[in-house]
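Trainee: I should like to go through this structure with you, one question at a time. Please explain the reasoning behind each answer.

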Protein chains: 2
Amino acid sequence: MPAKKWRLWLRFTIAAAILLPVAAAGEPIRSLNLMPVPEQVALNPGRLRIGSGFTARLSGHQDPLLVMAMDRLRGRLQAKTGIPFDTIPEDPGSKQAVMQIHCSGPGEPVQSPAADESYRLAVTDQGARLEAPSPIGILRGIETFLQLIDLDGQSFFVPCVEVTDRPRFRWRGLHIDVSRHWQPPEIIRRNLDAMAAVKMNVFHWHLSDDQGFRVESRKHPKLHQMGSDGKYYTQSEVREIVEYARQRGIRVIPEFDMPGHSSSWLVGYPELASAPGPYRIERSWGAFEACLDPTREATYVFLDAFVGEMAGLFPDESFHIGGDEVDPKQWNANPKIRAFIKKNGFKDSRGLQAYFSRRMQKILAKHGKVMIGWDEILHPDLPKSTLVQLWRRQPSPAELAGKGYAGILSRGYYLDAMEPASFHYGIDPMGQEADALNSDERSRILGGEACMWAEFVDAQNIESRIWPRAAAIAERLWSPPGVADVEDMYRRLNSLSRELERLGLRHRTNYAAMIRRMAANGDAALLKKLADLVIPTRLGIRQRSQSYTSFTPLNRMVDAVPPESETARRFDQSVKLLLSNPSNAGVIRQVREALTGWIEDEKQARPIMEQSYLLTEIRPISETISELCLKGLQALDYLESRQSAPEAWRKETSALLDRAGKPQAEMLPAITASIKRLVEAVD
Amino acid sequence: MPAKKWRLWLRFTIAAAILLPVAAAGEPIRSLNLMPVPEQVALNPGRLRIGSGFTARLSGHQDPLLVMAMDRLRGRLQAKTGIPFDTIPEDPGSKQAVMQIHCSGPGEPVQSPAADESYRLAVTDQGARLEAPSPIGILRGIETFLQLIDLDGQSFFVPCVEVTDRPRFRWRGLHIDVSRHWQPPEIIRRNLDAMAAVKMNVFHWHLSDDQGFRVESRKHPKLHQMGSDGKYYTQSEVREIVEYARQRGIRVIPEFDMPGHSSSWLVGYPELASAPGPYRIERSWGAFEACLDPTREATYVFLDAFVGEMAGLFPDESFHIGGDEVDPKQWNANPKIRAFIKKNGFKDSRGLQAYFSRRMQKILAKHGKVMIGWDEILHPDLPKSTLVQLWRRQPSPAELAGKGYAGILSRGYYLDAMEPASFHYGIDPMGQEADALNSDERSRILGGEACMWAEFVDAQNIESRIWPRAAAIAERLWSPPGVADVEDMYRRLNSLSRELERLGLRHRTNYAAMIRRMAANGDAALLKKLADLVIPTRLGIRQRSQSYTSFTPLNRMVDAVPPESETARRFDQSVKLLLSNPSNAGVIRQVREALTGWIEDEKQARPIMEQSYLLTEIRPISETISELCLKGLQALDYLESRQSAPEAWRKETSALLDRAGKPQAEMLPAITASIKRLVEAVD
């Protein structure tokens, strides 16, 4: 549709519009549930009513992708409203609200980082119009439209808005490690659904590591046959997932980690290794010594055939070779490899890895692929065409761009670190030296990727570790940098979490199911109230707390509870409100009731904890929480009576807070900071 | 395994066993969560510990069915415990508890009602042994084993038991109508999973009716093309579902309703009708006039080809032709049909239907099928080989058997009637004259079928209408007739409901999702507390309350809440306890707190109800509930103070109870009977 016609269509609506770039003001979106926040949103008065007669129509460029998107739109509308839009109406001529979807041109044959994802959505009380230059923009706009659907006393509706939108970064990824714990295809599909809902566009599939090789290879069948315990994606499953992603505007980038992290390759092909075998599938976590031998030509013959085969499965232009955490021990211990390093004048093993990277880059180029690797592959000899994924402290995005490489940021986006969403939300892909970058350098920072490493996630809890937190990262990568209100982010994140549930995500239902399992025949709802008051410790502490392997059941409380506690976050808001206005009787009562209730819950839950071996370990932390609540109540008493607290109480309280700061059963109380606030306010 | 060896294996365990036939005593099962209750259970002291090392091994007769069952057993064990049994252990020689599964012979090529479903399960603290004469018995035994898994302070475990089990009836069915509302394949599969969990063995698939023809027919493609709105099962989907059922020991019986209930056939093939067309897919409920013409040979040519095609899709020996609710209007209005009736000496239209049934019986026999029909097909001329499904008041099972027909009972098992599980549980397939039956007659009563008619169920709420209630019917059909303790049935039904959730059933999650939808951005947990206090009215009232069609959204509270309220059932138990022992202060406090809490909930939920159009209609009933609670509290006051109530209070209360007995928004308060109990106890 030409711009002129578009303008004509908007004629009646623009007059009343409060046109504000969100980045600047933020206010108009406060009442909307959009995530990520669009580049520009204008909220107009009025509502488009959504009832049985609502229909959507396609016009402009024809593409099967759009027809499939319309089918999903219908299904999603039905799931959201319960109105059977999929039943063919008796009287198609009746008065109906219409969503006109107009795509003005084709997309790329294979989606690339250059894809145009922009769209415009205008909703009046008469109808909606979604327009985009290419099918992928339409996909993005449909998600915005669906997020806008709300309910009032009259009907379902979409507020009258004008949205002009496009992403800030072209690379908005989610990385999932399926090697350390296997994830069946349906879980990958659910994650792709969720990614599409928050407009992410790259699924980075970590398909091999020391603990498993997860793709069927027909060229080298011992890779999956001996390296996977039978848990791998067949080629037809891979094709289905790649197609599923394509329909949602998501690129799929396979990663085969090499030359390190390669134990699972070497179980079937020990001849590729730098030290004699035999090798086995590793069962514990950490980095291992197993390493491909970069000095033998046979290694490259093998990899050439392998890349050729995988290139046929994964149409994306990018191919990730890992390259992280190479342990040089095997190389240094092998006289032939030492000799090779010397003969070629490499300074050290890093020079040998750079040689390997260059060889891989040529193989990949031969098969039409761009190479990506983790930041360890950086080396003066690394071709500038290589994409670099930053995960370590150094280099910064600015340093990388300054060296002439394009890259994506994952440092600060590690979901397995178990940080709150607000932490990730505060990390900008441009890094802290963004202002010092020139426009060329800026253009080389393509975006970022949330990373879900899988030491502590299995098929039951992976969704609650990724979602909804990854949506905060998705917003950071899509929305203007000024969109940074953490409170509003959490409000929208909660709304999005419900949206994801409707999409079939199990981040909440599996949490509830795990609680039910632990409660055995006891009251699971009561146990959940306690569970909502604890959070898992950060990754590092957990790694050191016991010796985990892939056989260790992940069925404990620490595996079930979400990385952050919404209950505790809300409680903390009340506490802050109370402290800013100590005469607010309503808030005081609210805080008091919460604390009293939790003490009572803990008391009541004790018999449940006794009868289930999975709960034995949480008794100490639940007692600590009960004590924290008691101290909180006492602090309230002092505050209300304006008395100062005796020294003994202060000492006792300080000891308790110290105790609460130490992990118990690999968890921490989620309300410690709030109690500390209350205690510190006492005179 | 020969009986001798089995006995040997039990040698050490029988000594300590409390061997009691459950039907006689019932006590041993009170602590178990088995549903249906087995024919014989002996509970021994001791527990078999289930940990990472637990394995199951197959011996005896080899059958792919068993290999698939072992795979599912592993997956179910993992889902139930969170222990990764599917990871291949490093050291298979380590000490492990073993479940030995021994199948001593083959099953039937195509499962029939004669299938041997018996099994024996013996669990000691050292291991478990499951033995059955055929693979289907193994499937049944695996479900029993899974239901026995529990959790204590030490680990997951299975109590030491000896189970000897086989079904009381050979036909234990679930009938699902997919014509009035379409149900996608995944919902059928989930229902098959649930059926297998409660040992049901017949899926009766109601595939055509006035509102839709739901199977792809290649012989007569206008059936599904014009009769289904595009919502039909492809032949490959049918094959997949039949195979899915077969793997779970479930027969699949297709029903194509004829000669009435056939509007959807006639949209594409009006020439088969008894009156000139055109016909359309019906959108409302009730019986329609459309009827096949049984007087034309072309009708039978058409049906012969159709049955031949369907016989290739559905291997089961039975084929259901419906035959219910034939409206003779079209026949009587058609001079040619009237002449045919006269010429053949039929007494009336029922004689013509009997003629049609005989013709169909011959066509079915030609394709190797046994005919089944609803009880309207009964007629002196009906061949005795026909199976009759009883649904109307007459005839009784005894009458049917007395006439020499075999049959199954569905009267009393209609799930759409929205009766409580206890109602269905009280209906015996033998009927009330069971004692008068001789053994031949008894053997002709094959069992029964729970029926889910689909006027008021769509894909979102069908599971909460079928499950867990159908399990009460499954138990009635499997367990000895003496298993009849309603309280214990409900205890086990709740446990089963959790088991079904783990299997992936959505009867609870979809209820919660519908509540969340109605709550919009309000507190869904609060709204759910109110929702747990209402129940849908019985079917008849609902049918008369407004004009429903297939376009009517089923997104209201009446569509969401389960057919019976577990909250109200528990409350009623407390009230009964209170009244039987009015000095029990603990129970009085409990009842008082419940009533006070609900009054408070209703008050707090008012703003949520105002902001959502889906909740506007529930305000009156929620106010009624609040008033009921208030009256209950007042009654408690009178009871505690041993005062008699004034006449005005009695009048007021009686008026309120009357009001509460009338449907509001097609629902009823679930606590009315309990309040009435309290009120009536007041002097």
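**Strand pairing, burial and symmetry**

Mentor: Let us begin with one pairing in this predicted model: A:Glu255 has A:His320 of β13(A) as its bridge partner.

Trainee: In which sense do β12(A) and β13(A) pair?

Mentor: Strand β13 of chain A covers residues 318-322. Two bridges connect β12(A) with β13(A), and the sense of this pairing is parallel.

Trainee: Which residue stands opposite A:Pro254 of β12(A)?

Mentor: Strand β10 of chain A, residues 202-209, runs parallel to β12(A) and is joined to it by six bridges. Opposite A:Pro254 stands A:Trp205.

Trainee: How many of the eight residues of β12(A) are buried?

Mentor: In a regular strand, side chains alternate between the two faces of the sheet. On one side of β12(A), A:Arg251, A:Ile253, A:Glu255 and A:Asp257 are buried, and on the other so are A:Val252, A:Pro254, A:Phe256 and A:Met258. The strand, residues 251-258, is therefore largely enclosed by the rest of the structure, its buried residues numbering eight of the eight.

Trainee: What relation holds between chain B and chain A?

Mentor: Two copies of a chain are related by a rotation about an axis and a shift along it. Here chain B is superposed on chain A by a rotation of 180° with 0.0 Å of shift along the axis, at an RMSD of 0.0 Å. That is the relation of a two-fold axis.

Trainee: In chain B, which residue has the C-alpha nearest the axis?

Mentor: The same surface serves both copies, since 97% of the contact residues of chain B recur in chain A. The C-alpha of chain B nearest the axis lies 3.8 Å from it and belongs to B:Thr509.

Key. Residues numbered from 1 in each chain as written. Chains lettered and ligands numbered in written order. Predicted model: local features only at pLDDT ≥ 70, side-chain atom pairs only at ≥ 80, totals over all residues. Least-squares fit on C-alpha atoms with pLDDT ≥ 70 in both. Contact = placed C-beta atoms within 7 Å. Buried ≥ 20, exposed ≤ 12 C-beta atoms within 10 Å, placed from the backbone. Helix = DSSP H or I, 4+ residues; strand = E, 2+ residues; numbered from the N terminus. Pairing = 2+ DSSP bridges.
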